[in-house]
Amino acid sequence: MPVPSHPSRRSFLFGAVGTATLLAGGTRASAGTAGGSRAGAGARSVLLPAAAGAVWLGAAPTTVDLGSRTVRTWAYGDTLPGPEIRVTAGTTLAARLKNDLPHDTTVHWHGVRLVSAMDGAPGLSQAPVAPGDSFDYLFTAPDPGTYFYHSHVGTQLDRGLYGALVVEDPNEPLAYDAEWTIMLDDWIDGTGTDPDAVLEGLHERPKPPRTMHSDLLGGAAGHVAYPHYLVNGRTAQAPTRFEGAPGQRIRLRLINVGADTAFQVALGGHRLTVTHADGFPVAPVTVDTVLLGMGERYDALVTLADGVFPLVASAEGKNARAFAVVRTSGGEAPPSDVAVPELDGRLLVPADLVADPSVDLGEAPAREVRLVLRRGARGVGWTIGTSSGSDSAPLRLQVEEGERVRLSFTNRSGIWHPVHLHGHTFQVRGGTGPGARKDTVIVRPGKTVAADFVADNPGEWMLHCHNLYHGALGMMVTLGYGAAPAGSMPHMAASGSKSPAGKGS
């Protein structure tokens with residue numbers, strides 16, 4: 001397979017770093033694969049061996065160029081997105097976070113089945129990194145695929161604190177000539193307001209605007225009409241450009257890092273063969289367009305035609321789009337508002353996605369935990385609760401190591417929720433065959449989604465809506481193994497659940 005190319009991207013490449021020993025506040029913890037040792041919240045910064053060659057992630061206030069304007073924001077290394085990190089599956093990633101922000105921060109490695117102490121969940125798996133301090137992340141990335149990293153403190157994800165993480169397969173089965181990482185974002189920071197002001201406004205006016213409606217999402221599309229929508233940090237007025245040659249086979253790594261926006265993606269004049277969902281392989285399926293909720297990723301192969309083509313990410317329900325240009329020959333680039341018939345073509349739907357046999361979780365679990373997504377008391381905030389439990393207190397779900405559990409999410413609110421589980425993947429059930437392995441799944445209003453997972457990575461893990469503002473306003477619980485650590489969310493066992501054996505497996 002030819003060496004992939006990455007237009008206009010800065011990357012860090014890793015080989016095998018080797019296993020290292022960490023010292024975390026006096027507690028020894030070994031870096032390893034999922035299920036390895038871990039340190040609890042409150043651990044101090046760890047120190048990497050000098051030979052580890054860590055990626056440097058300097059989080060700081062900066063000015064970034066969106067193409068059509070410059071804005072003040074917070075970012076990693078003065079770039080938007082942050083540097084792309086690439087590591088081979090089964091080897092160790094080392095990254096040093098230096099916090100030069102005026103606020104605490106962390107780094108979460110979205111979708112990676114890593115040890116709990118490296119997950120970046122503030123107050124749960126680690127203490128937040130204070131201004132002026134550093135924290136060293138060291139973990140094995142066990143699964144090939146497309147992932148990303150981002151701050152998990154407050155509203156910081158809706159600034160510039162994110163970047164792509166690509167875990168390469170040492171035995172890559174796909175054949176392609178090049179690959180393009182495509183990060184989709186909704187942008188408001190530095191435009192006369194900021195994400196903290198947006199959150200405060202949602203406290204006062206929590207209902208989604210009536211104008212933001214989406215049939216694809218089953219109701220309200222979101223809360224925020226962003227002034228800009230970006231592809232790899234660039235607006236439609238000065239778009240990112242991807243260059244190739246006619247006949248080249250390209251792997252697209254699509255990542256939605258937005259806070260409040262689903263994107264429907266299409267490449268004008270082309271069809272997309274989807275090969276992976278949230279990093280894990282699926283039986284290839286060819287479609288015209290794909291819909292990504294916040295936190296979701298899809299990989300797709302495309303064979304380039306001759307010409308200049310629009311790569312469009314429609315901000316679903318918001319009457320706007322992110323836009324880039326794909327060029328394989330001379331000619332004038334299309335305008336950003338060009339009609340793209342593929343957006344009205346065959347859309348990828350969950351039933352299309354069948355897990356590759358190599359990642360199928362197999363037998364149905366013995367226990368089901370039924371969770372309900374709803375509005376908070378008096379319409380303020382959002383909650384995840386059990387069907388019979390109270391939503392007045394935060395929820396901690398307790399499982400046993402090695403247990404197979406079905407999580408069923410029922411959405412009783414008027415807006416969709418992309419639900420994300422840290423430290424694990426689950427298998428979506430309910431289609432005609434073994435559903436995709438994912439870590440983030442869209443739950444539409446009035447619908448129930450079943451997701452099976454295996455409790456094979458001990459620790460305390462967040463389970464939350466990846467709409468940043470829903471999570472910040474309460475739609476977040478924890479899932480833990482064993483006794484709850486001091487200071488964690490209260491335990492609420494989901495007892496009396498019916499066995500789902502034989503259903504959707």
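The secondary structure of the protein chain comprises 2 helices and 35 strands, as assigned in a predicted model. Of the 505 residues in the chain, 59% are buried, and the surface that the chain exposes amounts to about 18,000 Å², of which carbon and sulfur atoms supply 50%. When contacts between residues at least 6 apart in sequence are considered, 76% of them join residues that are at least 24 apart.

One pairing of strands can be described in detail. Strand 19, which covers residues 272-277, pairs with strand 20, which covers residues 280-287, in the antiparallel sense and over 5 bridges. Histidine 276 has proline 281, in strand 20, as its bridge partner. The hairpin formed by strand 19 and strand 20 has 2 residues between the strands, and within this hairpin aspartate 278 adopts a positive phi near 50°.

A second site concerns aspartate 158, a residue of the loop that runs between strand 10 (145-150) and strand 11 (162-168). Aspartate 158 is buried yet lacks a salt bridge, and the nearest side chain of opposite charge, that of arginine 159, is 8.5 Å away. The side chain of aspartate 158 does, however, make a polar contact of 2.6 Å with the side chain of tyrosine 469. With its neighbours within four places in sequence left aside, aspartate 158 is in contact with Asp186, Ile188, Asp189, Pro195, Tyr226, Ala259, Leu468 and Tyr469, so that the partner in the polar contact, tyrosine 469, also appears among these residues.

Key
Residues are numbered from 1 along each chain as its sequence is written. This is a predicted model: local features need pLDDT of at least 70, side-chain atom pairs count only at pLDDT 80 or more; totals for chains, interfaces and linings use all residues. Side-chain values use heavy atoms; hydrogens and water are left out. Helices (H or I, at least four residues) and strands (E, at least two) are DSSP runs, numbered from the N terminus. Buried means under 20% relative accessible area, exposed over 50%, partly exposed in between (1.4 Å probe, protein chains only). Lys and Arg count as positive and Asp and Glu as negative; His and the chain ends are not counted. A salt bridge is a side-chain nitrogen of Lys or Arg within 4 Å of a carboxyl oxygen of Asp or Glu. A polar contact is a pair of N or O atoms within 3.5 Å; within protein, one must be able to donate a hydrogen and the other to accept it, and residues adjacent in sequence count only if both atoms are side-chain atoms. Contact means heavy atoms within 4.5 Å. Accessible areas come from the Shrake-Rupley method with a 1.4 Å probe; for residues, only the protein chains shown count as cover. Two strands pair if DSSP finds at least two bridges between them.
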